[in-house]
Amino acid sequence: MSSISIFCVLATSVHCAVFGFGAEELPAKPAAKLTLEKAALARSDKIKGKFELAAPAAANGTLVLTWTDCFGRTVAKSEQAVNAGAAEASFEISAAPALGLANTLTAELTLGEAKTSAAAEFVVTPDYEPWDDYQVIMYYAYKPEQQAHLRDIGITAGMNQSRSNFEPSSRSTKVWWGAGYRYYCEQILSSVYAEYHRYHGKEPKNIELVKAKELYKQDRTKKDAFIRKPCFHDPATRKKIEDDLAQVVSIGQKFAPLFYSLADEAGVADLPTAWDFCYDPRTLAAMREWLKGQYGTLEALNTEWETKFEKWDDVTPLTTDETMKRGGDNLSPWADHRTFMEITFAEAVKWGSDAVLKADPKAYVGLVGCQMPSAFGGYDYWRLAQAMSCIEPYNIGNNREIWRSFSPRSPAVTTSFGFSNQEVWRLWYQLLHGDRGIIIYDEKNTYLDEKGEPTELGKKVSGPYHELTGGICKLLANCERVNDPIAIHYSQASIHAHWIFQARPEGEKWLERGSASERLKSEFLRLRESFTKLIEDQQLQYTFVSYAQLEQGELKKNPPKILFLPQSIAMSKAECDALRAYVEAGGVLVADSRCALMDEHCKRLEKGQLDDLFGITRKDQEWKPGTAEWLKNAAPFAEKKPEIKSSVPESGIALDAASGAAADFADEVGTPVLIHRQVGKGKTLYLNIDFTDYHRWRLKTPQEKNALALFEKLTVETGVTPAFIVRRPDQSEVPGIELFPFTNGEMKLVALHRNPQLRINELGPPEYRSNEAFEKEEELEVDLRAPYAVYDVRAGKLLAEKEQKLKLKLDPFVPTILALFKAPAKAVSLDVPAKAKRGEALACKIALDAPAPADVHAYRFEVTGPDGKPLPLYAKNLKAPKGACATTLYLALSDPAGKYTVTVRDIATGLSAQKMVEAE
């Protein structure tokens with residue numbers, strides 16, 4: 001054949017071929033065809049196929065197979081004889097050397113002077129790995145010619161959006177996998193999970209909720225505006241979820257998506273915006289069945305709700321308007337609806353998770369753009385943690401810490417915008433709190449110029465991104481985070497109640513509250529934030545414990561030494577029983593105010609369910625925090641040097657004299673404060689203090705001193721002290737330092753990081769909108785409580801061979817991370833053959849010579865070419881049990897011959913080893 005043109009057909013079947021034609025021939029009669037048994041393979045597979053001729057070979061010839069990949073490398077090459085008369089030739093090649101997703105196999109048959117070619121594209125699916133390393137994900141794709149250069153600044157993966165774009169041949173898909181990037185699947189079912197917060201053409205994202213509000217304003221006695229579309233209890237909705245996800249996974253599974261996101265910024269309505277979805281008859285029918293399980297009988301429900309329904313089919317929850325007009329503090333006909341919709345939303349999310357996992361059991365499934373814990377929207381994080389396996393939460397209302405507590409092994413990522421010192425701080429903050437990556441929202445492609453060169457922004461982010469992906473996450477992810485024996489109660493029912501308390505003064509204007517209002521106006525959110533900072537500012541860590549965990553006996557299995565109840569106003573009897581047993585067994589239970597005044601359905605009770613446990617009585621249940629005043633010593637109520645300045649919110653509290661309770665302080669009129677009582681082996685403390693503003697006070701030293709001193713007294717007396725002691729050189733306390741202890745076998749690891757306030761612009765008065773107090777370098781002395789060999793992990797150097805106390809400087813924005821060993825490690829050994837052939841397996845063995853290695857070490861593996869330049873495609877992070885592991889390097893045939901340098905570095909100690917390899 002004197003003239004050959006080549007084209008490639010990539011079908012959705014396993015047959016992929018390139019046909020060759022002479023200028024005079026018709027496409028219907030290809031000279032040759034290359035057929036692969038599978039178009040998607042694992043690295044453990046063999047690339048098997050056949051080269052078929054249109055007519056038997058007229059003479060003996062040679063078939064050359066050449067494998068190239070999306071990085072432009074020639075991965076492998078082989079040749080085999082083809083005898084005269086043969087019409088086809090079978091072949092088999094190991095897929096083990098694969099490095100990229102997109103690959104091409106070209107076959108060229110030479111028969112004398114004639115050549116016949118064919119080619120086939122195939123995908124080599126990456127091995128599924130645990131989310132124990134860092135991903136830098138670019139949300140928006142760049143131009144195809146720029147894509148490869150994203151790696152230069154540290155980008156590791158991408159995003160593919162909308163179910164219609166998941167076909168492998170679509171531009172939005174191939175722009176990622178065709179350049180060797182994995183991606184996550186985004187907004188698969190926004191029309192189901194985020195219908196009220198997604199674009200409908202050029203309309204605002206919340207247009208469907210706007211329409212519903214307008215409908216409701218026309219007649220606020222009707223519930224038509226509260227019928228969600230689609231209704232989660234419509235069988236067709238579940239079928240759509242299951243069918244659509246089965247289709248998406250069947251198409252995309254071969255690319256091993258990082259995770260499947262069901263929707264972005266999902267919610268029952270628009271994010272956590274207050275809206276009384278759903279009054280669809282199918283939802284109400286399902287809710288009635290749930291209510292039967294809650295109450296047993298219609299009589300019991302009527303008693304709780306204070307209603308007079310004559311039959312179950314009449315039972316209908318109250319809307320927010322109806323609840324406001326009803327007055328009083330029996331919120332149960334409204335709060336039960338909130339709970340049921342949270343159950344409904346979590347179940348719908350689980351349908352999506354189950355549908356994905358049915359098709360791809362190794363996949364991760366979740367939601368991105370997740371909102372604060374709230375009374376609306378479906379954001380009950382305990383339920384969501386049971387329904388999905390990954391998340392991207394906006395760090396609002398401590399949802400990141402709550403997710404960490406409820407689903408500690410599930411990966412989380414965060415959204416990132418641009419570059420600043422504060423943003424670098426935030427990325428490290430999120431990593432130390434358990435994150436495994438970022439999603440960069442770069443709508444205008446500002447990180448690279450038209451030539452693919454890094455812009456100034458791209459240059460700035462490159463350093464932090466490469467450090468975060470350079471092994472530090474692999475090390476941290478394989479350590480165990482050490483939480484101090486402190487727990488904070490997570491009460492979804494209390495979130496419901498507090499919403500009504502705060503919105504009720506606005507009356508019908510609650511309708512104007514949007515998702516931002518929920519965030520900015522929530523005093524309960526601010527209180528929870530203050531409790532976490534009161535603990536972190538003592539250089540302690542904590543976990544949240546949910547209402548369900550209390551009911552399920554978690555306190556018996558894993559009792560903390562101290563458990564805080566921040567205005568946990570709505571609690572079930574089962575929760576209260578668990579708390580009583582916890583205290584009797586030796587736990588310390590601390591409530592600030594408003595404790596257990598309602599049941600789990602948010603119905604106000606005659607007295608607090610735990611009042612007797614705390615040793616208090618009440619003349620009323622009013623809660624009126626006032627101006628902070630100096631408190632007096634309580635016994636006797638005589639003037640002494642004041643020790644605490646605080647606001648006492650419950651003036652109706654009194655000591656139950658028969659209980660043995662006592663108070664340390666009292667206000668001007670004798671209201672007891674800091675009430676303590678011995679119960680069994682344990683103790684209770686009722687503070688009667690409002691701590692809502694601590695998260696502000698800490699920004700203006702010494703405003704926080706009294707509250708922090710009080711909490712330090714509580715924890716120290718309970719026997720909870722930091723794993724390490726961090727002070728200034730003069731031994732004074734240093735504000736705003738967060739301590740992160742980890743364990744890993746014989747190694748301990750501790751990170752120190754400045755702890756300013758998240759979302760600083762939302763903290764109210766202007767004087768509290770600055771983290772300036774924490775944005776400066778600090779000289780510190782760290783008492784490790786025992787002598788250790790100490791390594792600076794980020795610097796990769798030994799600081800001390802055996803020391804208990806260290807002096808160091810802490811940067812305002814990036815952490816200091818120390819690895820602690822019983823004795824210094826000696827060396828890293830690297831065993832690599834001195835000579836190798838390109839295209840063949842190069843076995844590398846790594847070991848750490850250390851008296852007491854960690855259970856799991858992490859290594860950075862890097863290769864430098866003969867020209868002295870690094871080869872980033874071959875770089876990787878390795879998990880090494882007890883410091884030992886092996887890996888295989890496949891140099892490409894297209895890589896130049898010469899001397900290569902293989903380097904490994906132990907992330908914890910910085911010890912490294914190098915070997916030269918002569919590649920032929």
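1. A good place to start is the packing of two helices, α5 and α9: their axes lie 9 Å apart and make an angle of about 35 degrees. The crossing of α5 past α9 is right-handed. Please keep in mind while reading that this is a predicted model.

2. The residues that make this helix pair are easy to pick out on screen. From α5 come Arg-238, Ile-241, Glu-242, Leu-245 and Val-249, and they meet Ala-348, Trp-351, Gly-352, Ala-355, Val-356 and Ala-359 of α9.

3. Now α5 by itself. The helix has 18 residues, 235–252, and at 1.5 Å a residue it should span 26 Å; the C-alpha atoms at its ends are 26 Å apart, so the expected and the modelled span agree. Its buried residues are Thr-237, Ile-241, Asp-244, Leu-245, Val-248, Val-249, Ile-251 and Gly-252. Because these cover an arc of only 160 degrees around the axis, they sit on the same side of α5. Pro-235, Lys-239 and Ser-250 are exposed on the other side of the helix.

4. What covers the buried residues of α5? The cover includes α9 (332–359), along with α3 (190–193) and β14 (260–264).

5. Next, have a look at the open sheet of 8 strands, which has mixed pairing and runs in the order β21-β20-β22-β23-β31-β30-β29-β26. At its edges stand β21 (543–546) and β26 (632–633); each has a single partner strand, so one side of each is without a neighbour in the sheet. Helix α11 (residues 399–406) packs on this sheet and touches both β20 and β21, its direction making about 70 degrees with that of β21.

6. Strand β20 deserves a closer look. With β21, β20 pairs in the parallel sense over 4 bridges, and Ile-488 is found opposite Phe-544 of β21. β20 (residues 486–490) also runs parallel to β22 (residues 562–565), to which 3 bridges join it. One of the residues involved is Ala-487, whose bridge partner in β22 is Leu-563.

7. Is β20 enclosed or open? Buried here means under 20% relative accessible area. Of the 5 residues of β20, 5 are buried, so the strand is largely enclosed by the rest of the structure. Both of its faces are covered, with Ile-486, Ile-488 and Tyr-490 buried on one side and Ala-487 and His-489 buried on the other.

8. Leu-527 is a nice single residue to centre the view on. Leu-527 belongs to helix α16 (residues 523–536), and its relative accessibility is 1%, so it counts as buried. Neighbours within four places in sequence aside, Leu-527 is in contact with Pro-566, Gln-567, Asp-592, Phe-691 and Thr-692. The pair Leu-527 and Thr-692 is separated by 165 residues in sequence, yet the C-alpha atoms of the two are 4.2 Å apart in space.

9. Finally, there is an open sheet of 3 strands with antiparallel pairing, in the order β3-β5-β8. β3 (32–36) and β8 (88–94) are its edge strands, and each pairs on one side only. On average, neighbouring strands of this sheet are turned by 20 degrees against each other, direction ignored. Between β3 and β5 (residues 46–53) there are 5 bridges in the antiparallel sense, and Ala-32 stands opposite Leu-53 of β5.

Technical notes:
Residues are numbered from 1 along each chain as its sequence is written. This is a predicted model: local features need pLDDT of at least 70, side-chain atom pairs count only at pLDDT 80 or more; totals for chains, interfaces and linings use all residues. Side-chain values use heavy atoms; hydrogens and water are left out. The expected span of a helix is 1.5 Å times one less than its number of residues. Buried means under 20% relative accessible area, exposed over 50%, partly exposed in between (1.4 Å probe, protein chains only). The arc is that of the directions from the helix axis to the C-beta atoms. Contact means heavy atoms within 4.5 Å. Two strands pair if DSSP finds at least two bridges between them. Axes are lines fitted to C-alpha atoms, for helices over the stretch in contact, and angles run from 0 to 180 degrees between N-to-C directions. A crossing is left-handed if the near helix is turned anticlockwise from the far one by less than a right angle, and right-handed if clockwise.
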